[in-house]
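Me: I should like to go through this structure with you, one question at a time. Please reason briefly and close each reply with the value or name requested.

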Amino acid sequence: MKGKKQVELSELLRRMVEIRAFEERIQRMFTQGLVRGTTHLCQGQEAVAVGACAALADGDTMTCTYRGHGAVLAMGAPLDKAFGEILGRAGGLCKGKGGSMHLTDVSVGALGSFAIVGAHLPISVGAAFTAKQRGTGALSLTFFGDGSTNIGAFHESMNLASIWDLPVIFMCENNLYGEYSPMALTTPVEELTVRASSYGMPATTVDGNDVIAVRDAVAAAADRARAGEGPTFIEALTYRFVGHSRSDPAAYRPEGELERWMERDPILVLGRRMVAEGGFDDDAVAAIRAAAEADVDAAAEEALSWPAPDPESRFEDVYA
Amino acid sequence: MSEVTYREAINAALAAELESDADVVMIGEDVAAAGGVFKVTEGLQQRFGADRVRDTPISEQAIIGTALGAAVTGMRPVAEVMFADFAGVCFDGIANQLPKYRYMTGGQVSVPVTLRLVNGASTGFGAQHSQAVENWFLGISGLKICAPASPADAYGLLRSAIRDDNPVLFFEHKALYLRKGPLDPDVEVPLGAADVVRPGADVTIVATQLMRERALEAAEKLSAEGIEAEVIDPRTLVPFDFETVLRSIEKTGNLVVVEEGPGSGGWGSTLVARMAAEAFELFDSPPRLLGTDDTPTPFAAELEEAWLPDVGEIAGAARGMAVTA
């Protein structure tokens, strides 16, 4: 019999592998001409999404950026409907009206993915305001990148959440680049946690490639939020293995940087830990990975079989 | 039926909705403890509590975003933008977030947000506190827009706006706050219905807010000359009640539209274009669009008054048509 801890570990691994395989499949679909527009992938950052969402409870809400496939899947959105949305199919999460940058599944608390940098931070503040007004005990978590900490909405949201003691977790994924620009070029502080101090908000930095460390940091912030102690800022240090978007080969990276980070691939980090400390052997880890990849393949095939939306449906959902 | 000011009518509508629905909350800069810079929200925090009527920092992006996030999770927020000009600070929230959230999620959420924005010129606030900015938002699908002129319309439309499950921009004209008019709180005013404020058979004048007031004065002058103008207040700009205007043109054959703005790309030009396309044969004379001069709002009283369409200009445009016809 597997213990509770082993079930948790295998679940964390499964989710991260699902997201990795999902993103790789989207990348292939793009080159096959099956996905239009653009897409922003998160390979390498899976531990932040999975670790953070693992610490949330039913009723909590999450908002994220246009690099949000991983976060939405980590909340439990179905793989096939996520594929369907990015493929622009009628059966997609948003009926084909949102696309890659707007994956949303309110039924699992994935309140939205937003394509304007920083715009979703006050939306999570608003969701937390509802929770506080109604005394539901829910919290809201918002993912954003290091680049978002230079936009006004970030500062207004941090300030308001703090002054109103709202149950918000500001989850910064510092992947070292804001689009194509290295952080040092755009941001005069090295540690983003100092930005929280000017809003009187506790802040912590965590290894964003260690899913357990992320989960534990978010769990501590969640305890604070639910105890009525207000918001927390978490900076997760991580790295994206791919360019900013479809058109970016990431030529701006210093030589060797990607390779160094790939040695700390969050999936490998967790797999090694499961073998070293969790009572798993290599075969068991490989089996979890293979099962997750097979689920992703099956979901992709399912979504590919779905029809395009009826053109008349474009008139629906403008107004309630 | 009691006589109340436009400001009192808005206050009463807010109080009525706060009273009838526990999910209604109000946020904005100095709306709570101070009762608003124009005293429109006076007494509401005392009556409904500091949890439901809340002062915010000077943070328009956070105000709009917080209202939006609260709305999609079940509240019915009313947020104030102290001067409508400040919508420029939170344009993203109004243009990209409020009207698109429902659509781009395939209808997973509804967005019952009412934004109250304090609009309009003639009070000497200068170029950044005097604009009537409703036309900034006309080309954005997914919003509803109200611009009431009378206390009764302000009351009824605000209650309808708050009860609506969609984002509504509710423009209050600051020059009208102390104007008095009758109010029957039992009369509902639905969004999207124009009002024929004054019947007449010779020329149709369409105007909102301060321009409606001036159009009515112009109509009285014309009446003394034997010309009867029909004055229509659309009240809601999105959705726009084109039908009521069309029926009036069928009767008068003449159309003057008066707008508090430079007239390019606004509801007035949209109305003229639509009527010309749909009912060209009904016109006895070319339709006219009167607007402000095409400059920023000037400060000095003489400059600002010269900049705004006045009663004489409105009467002159209408008279020219009625005489020609």
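Me: In what order do the strands of the open sheet of 6 strands in chain A lie?
Reply: The model is a predicted one. In chain A, 6 strands form an open sheet with parallel pairing. Neighbouring strands are turned by an average twist of 20 degrees. Read across the sheet, the order is S2-S1-S3-S4-S8-S7.

Me: Which are the edge strands of that sheet in chain A?
Reply: An edge strand pairs on one side only. In chain A this applies to the strand at residues 110–114 and to the strand at residues 203–207. The edge strands are therefore S2 and S7 of chain A.

Me: Which residue of S8(A) stands opposite A:Thr204?
Reply: S7(A) runs parallel to S8(A), the strand of residues 232–237, and 5 bridges join the two. Opposite A:Thr204, S8(A) places A:Ile234.

Me: At about what angle to S8(A) does helix H9 of chain A run?
Reply: Helix H9 of chain A comprises residues 211–226. H9(A) lies across S4 (168–174), S7 and S8 of chain A. Its angle to S8(A) is about 175 degrees.

Me: Are H5(A) and H6(A) roughly parallel or roughly antiparallel?
Reply: Helix H5 (residues 121–134) and helix H6 (residues 152–163) of chain A have axes that come within 8 Å and cross at roughly 20 degrees. Angles under 35 degrees count as roughly parallel. H5(A) and H6(A) are therefore roughly parallel.

Me: How many nonpolar residues are in the contact of H5(A) with H6(A)?
Reply: H5(A) and H6(A) make a left-handed crossing. H5(A) contributes A:Leu121, A:Pro122, A:Val125 and A:Ala128, while the residues from H6(A) include A:Phe154, A:Glu156, A:Ser157 and A:Leu160. Besides 1 polar and 1 charged residue, the contact has a nonpolar count of 8.

Me: Which term describes the orientation of H1(A) and H12(A) to each other?
Reply: Helix H1 (residues 4–31) and helix H12 (residues 282–304) of chain A have axes 8 Å apart and pack at an angle of about 45 degrees. H1(A) passes H12(A) in a right-handed crossing. The two helices are therefore oblique.

Me: How many charged residues are in the contact of H1(A) with H12(A)?
Reply: On the side of H1(A), the residues include A:Arg14, A:Glu18 and A:Arg25. On the side of H12(A), A:Arg289, A:Glu293 and A:Asp295 are among them. With 9 nonpolar residues and 1 polar residue also in the contact, the charged count is 6.

Me: What is the radius of gyration of chain A?
Reply: Chain A contains 12 helices and 8 strands. For 320 residues the globule rule gives 20 Å, and the value for chain A is close to this, so the chain is as compact as a globular protein of that length. The radius of gyration of chain A is 19 Å.

Me: Which element gives the most residues to the side of chain A that touches chain B?
Reply: In the contact between the chains, 34 residues of chain A meet 34 residues of chain B. S2, H5 and H6 of chain A each give two or more residues to this side. By class, the side of chain A has 17 nonpolar, 12 polar and 5 charged residues. The element that gives the most, with 10 residues, is H5(A).

Me: What is the order of the open sheet of 7 strands in chain B?
Reply: The pairing in this sheet is mixed. Its edge strands are S3 (53–55) and S12 (236–238) of chain B. S6(B), residues 144–146, and S12(B) pair in the antiparallel sense over 2 bridges. The order in chain B is S3-S2-S4-S5-S7-S6-S12.

Me: Which peptide bond is cis, with omega near -5 degrees?
Reply: Most peptide bonds are trans. The cis bond leads into B:Pro239, a residue in the loop between S12 and helix H8 (242–252) of chain B. The bond runs from B:Val238 to B:Pro239.

Me: What is the phi of B:Ser122?
Reply: Most residues other than glycine have a negative phi. B:Ser122, in the loop between S5 (114–119) and S6 of chain B, is not a glycine, although its phi is positive. The value is about 95 degrees.

Notes. Residues are numbered from 1 along each chain as its sequence is written. Chains are lettered from A and ligands numbered from 1 in the order in which they are written. This is a predicted model: local features need pLDDT of at least 70, side-chain atom pairs count only at pLDDT 80 or more; totals for chains, interfaces and linings use all residues. Helices (H or I, at least four residues) and strands (E, at least two) are DSSP runs, numbered from the N terminus. Axes are lines fitted to C-alpha atoms, for helices over the stretch in contact, and angles run from 0 to 180 degrees between N-to-C directions. Two residues are in contact if their C-beta atoms, placed from the backbone, lie within 7 Å. Angles under 35 degrees count as roughly parallel, over 145 as roughly antiparallel, 65 to 115 as roughly perpendicular and the rest as oblique. A crossing is left-handed if the near helix is turned anticlockwise from the far one by less than a right angle, and right-handed if clockwise. Ala, Val, Leu, Ile, Met, Phe, Trp, Tyr, Cys and Pro count as nonpolar, Asp, Glu, Lys and Arg as charged, and the others, Gly among them, as polar. The radius of gyration is taken over C-alpha atoms; the globule rule is 2.2 Å times the number of residues to the power 0.38.
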